[in-house]
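Trainee: I should like to take a close look at one part of this model, with the cysteines as the point of entry. Please then place that part within the chain as a whole.

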Amino acid sequence: MIMNNKISLIHSAALAPTDYAYASRVPSGMNVLYLAGACPLNKEGKILHPNDYELQAETCVVNLKEALKECGALLDNVVYTRVLFCVSRSFRSGNSVGYHQK
């Protein structure tokens, strides 16, 4: 059973136009789920793609989708995300994900 997607994303006309919503509203009566620990790990707990931060980020999303599936939800049902990552200061790759030192 997939959750009914009636989440409202609020794009304020009084604020700068952006590709993201400034706020969201979850109707009462909907389940609220909290997911944590989306790490780039396989089933055995091994870190995948240790030197590729883009692939690690993709693995995290795959893992989140699996956790959501277990709850009967989809990425479309996600209201809020927080992304935390750790890389060494020597990271100077052209990847779009990671620490960029100038």
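Trainee: How many disulfides does a search of the whole structure find?

Mentor: The search of the whole structure finds 0 disulfides, a disulfide being a pair of cysteine sulfur atoms within 2.5 Å. In general, a disulfide is a covalent bond between the sulfur atoms of two cysteines. Cys60 shows why none is found here: the cysteine sulfur closest to its own is that of Cys39, and the 6.2 Å between them is too far for a bond.

Some conventions apply. This is a predicted model, in which local features need pLDDT of at least 70 and side-chain atom pairs count only at pLDDT 80 or more, while totals for chains, interfaces and linings use all residues. Residues are numbered from 1 along each chain as its sequence is written, and side-chain values use heavy atoms, with hydrogens and water left out.

The cysteines also differ in exposure. Cys60 is buried, at 17% relative accessibility, whereas Cys71 is partly exposed at 41%. Here buried means under 20% relative accessible area, exposed means over 50%, and partly exposed lies in between (1.4 Å probe, protein chains only).

The surroundings of Cys60 can be approached through Pro40, which sits in the loop between strand 2 (23-25) and helix 1. Helices (H or I, at least four residues) and strands (E, at least two) are DSSP runs numbered from the N terminus. Pro40 counts as buried because its relative accessibility is 15%. Beyond four places in sequence, Pro40 is in contact (heavy atoms within 4.5 Å) with Lys46, Ile47, Leu48, Gln56, Thr59, Cys60 and Asn63. For Asn63, 23 residues away along the chain, the C-alpha separation from Pro40 is 7.7 Å.

Gln56 views this contact from the helix, for it lies in helix 1 (residues 53-70). Gln56 is buried as well, at 15% relative accessibility. Apart from neighbours within four places in sequence, Gln56 is in contact with Pro40, Ile47, Leu48, His49, Pro50 and Asn51.

Now for the chain as a whole. The protein chain has 1 helix and 2 strands, in the order β-β-α from the N terminus. Of its 102 residues, 16% are buried. Among contacts between residues at least 6 apart in sequence, 35% join residues at least 24 apart. The accessible surface, from the Shrake-Rupley method with a 1.4 Å probe (for residues, only the protein chains shown count as cover), comes to about 8500 Å², and carbon and sulfur atoms account for 55% of that area.

Elsewhere, His11 occupies the loop between strand 1 and strand 2, and beyond four places in sequence His11 touches Thr18, Tyr20 and Ala21.

Confidence is given as pLDDT, the predictor's confidence in each residue from 0 to 100. The chain averages 80, and 78% of the residues score at least 70. Helix 1 has the highest confidence, at 91, and strand 1 (residues 8-10) the lowest, at a mean of 86. Over residues 98-102, pLDDT stays under 50, and the model has 12 contacts beyond four places in sequence for them. The part examined here thus includes Gln56 in helix 1, the element with the highest confidence.
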